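Grab a coffee and take a look at this protein with me. We'll go through it part by part.

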Amino acid sequence: MKEFRVVPVIKQYDTVKEFCSQLNPQKDDLIFVSGGTFKRYFEGLTAEAKVVDYRQYGDGEPSDDMVTRMREDVGAFEYKRVIAVGGGTILDVAKLFSLQEMMPVLDLFDKKIPAVRSKKLILVPTTCGTGSEVTNISVLLLNSRNTKLGLADDALLANEAVLIPELLKGLPKRFFAASSIDALIHAVESFTSPKASPFSRMFSSKAISMILNGFKAIVEGGEEARMARTEDFLLASTYAGIAFSNAGCAAVHAMSFPLGGMYHVPHGEANYALFTQVYKVYQKLQPIGAIQELNQLLTDILGCSEQDVYEKLEELLNQLLMKQSLSAYGVKEDELELFTDIVMEKQGRLMANNYTELSRENVLGIYKALY
Ligand SMILES: [Fe+2]
């Protein structure tokens, strides 16, 4: 049985001003937005809504500790709608605030507390990567466990995903590169997932070609070319989000989580560190199947032969974000066994979507090759 669905209503606006006039913020709205984005786009447009500047709770990707502090500060404030404006990580946090009960957050992630939706949830991405606005997943860094963990539950699906290309204009180049490479990996992993359907593959392949052709244009035309394509990249990341929310991500994501969890490597960058090596191993283990279609799509875009496809892909991506070895991130060689254990024991949800089965030996081999 194959199933395909898109749950949130997807709305597109040209400007934040237009969005806010439709949203009509009220005093029982809880809005998560960084101070910088608020100042640049939302000042004077949020009426009496309660605004939480999540950047005050720490830099980088959110952890269980940060969520706990935010929940304490929101306290007894009564709200009916949660509106989140930001990168995937804050959208993931906002999803938790739309639940009837979210504390203790570790219990929620361990499924000791059931996820029950009780507030309306509106998600507005400011990056072009995670696709979080259309997925039912919230990923948190669990400090006490040294890794990231995803909670997947339909109670976490937004009511509305709102796309405003204007918000991407201020994204620094490095964040843009990491987030759009993350979206590319969502599209690729969902394309080769055993759960892929003709519908999800349509979204995956469109996202792959929009992102890679966009990268080629940026390599040639620089920042100007990027600014001309913000809407394309935002659409592509949402397409990729739709694809992977149906077909799933897999080993690249699973194997990047210990790197992100222990060494705080940003999500897209950690994924890129693993990406091509995982596909080289898939290609070796199972050259017949969806990977052939993927390679065809990639060779058409990159204008190369199938044998060089992952090298050429890396060459293009390196011009946006240089791939680094695991040791360059500070990983120690004797930790590769621990990384492998974490993946094999804790990331079953993602590893179930691998193009072909990866054994413990395969996983350790990939880490070693990238060390
Ligand atoms: Fe991702």
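## Two domains

Into which domains is the protein chain divided? Domain 1 covers residues 9–168, and domain 2 covers residues 173–370. Keep in mind as you look around that this is a predicted model.

How far apart do the C-alpha centres of domain 1 and domain 2 lie? They are 25 Å apart. The two domains do touch: 25 residues from domain 1 and 29 residues from domain 2 take part in the contact.

## Where the domains meet

The size of an interface is often given as the accessible area lost when the parts come together. Here, domain 1 and domain 2 bury about 2,200 Å² between them. Carbon and sulfur atoms account for 66% of that area.

Three residues are worth finding on the domain 1 side: Cys-128, Lys-148 and Leu-168. Together they supply 25% of the area that domain 1 buries against domain 2, which is more than any other three residues. And how many salt bridges are there between domain 1 and domain 2? The count is zero.

## The iron site

Now for the metal. Which residues are the protein donors of the iron ion? They are Asp-182, which uses its OD atom, and His-186, His-253 and His-267, which each use NE2. These donors lie 2.1 to 2.2 Å from the iron ion. If you walk along the sequence, the donor residues follow the spacing D-x3-H-x66-H-x13-H.

Asp-182 sits in helix 6 (residues 173–192) and His-267 in helix 10 (residues 267–285), so this pair ties together parts that are 85 residues apart in sequence. Both Asp-182 and His-267 are buried.

What about the geometry of the site? The angles among the four donor atoms run from 88 to 169°. To count as tetrahedral, four donors need all angles between 85 and 135 degrees. The site of the iron ion is classed as irregular.

## Salt bridges in the chain

The salt bridge count comes to 14. One of them joins Glu-160 to Lys-120, with the closest N and O atoms 3.4 Å apart. This pair links distant parts of the chain: Glu-160 is in strand 8 (residues 160–163) and Lys-120 is in strand 5 (residues 120–125), 40 residues apart. Are the two partners buried or exposed? Glu-160 has 12% relative accessibility, so it counts as buried, while Lys-120 is partly exposed at 34%. There is a bigger picture here too, as Lys-11, Lys-120 and Glu-160 are linked in a network of salt bridges.

Next, try helix 12 (residues 309–318), which holds both Glu-315 and Lys-312. These two form a salt bridge, and their closest N and O atoms are 3.6 Å apart. Why are they about one helical turn from each other? Because Glu-315 and Lys-312 are three residues apart in that helix. Glu-315 is partly exposed, with 45% relative accessibility, and Lys-312 is partly exposed as well, with a relative accessible area of 33%.

Finally, look for Glu-314 and Lys-323, whose side chains meet in a salt bridge at 3.2 Å, N to O. Glu-314 counts as buried at 16% relative accessibility, whereas Lys-323 is partly exposed at 21%.

Definitions and conventions:
Residues are numbered from 1 along each chain as its sequence is written. This is a predicted model: local features need pLDDT of at least 70, side-chain atom pairs count only at pLDDT 80 or more; totals for chains, interfaces and linings use all residues. Side-chain values use heavy atoms; hydrogens and water are left out. Donors are N, O and S atoms within 2.8 Å of the metal (3.2 Å for Na, K and Ca); water is not among the atoms, so sites may look incomplete. Four donors count as tetrahedral if all angles lie between 85 and 135 degrees; four count as square planar and six as octahedral if opposite donors are over 155 degrees apart and all others between 65 and 115; anything else is irregular. Helices (H or I, at least four residues) and strands (E, at least two) are DSSP runs, numbered from the N terminus. Buried means under 20% relative accessible area, exposed over 50%, partly exposed in between (1.4 Å probe, protein chains only). Domain bounds come from an automatic or database domain assignment. Contact means heavy atoms within 4.5 Å. Buried area is the accessible area (1.4 Å probe) that two parts lose on being put together, summed over both. A salt bridge is a side-chain nitrogen of Lys or Arg within 4 Å of a carboxyl oxygen of Asp or Glu.
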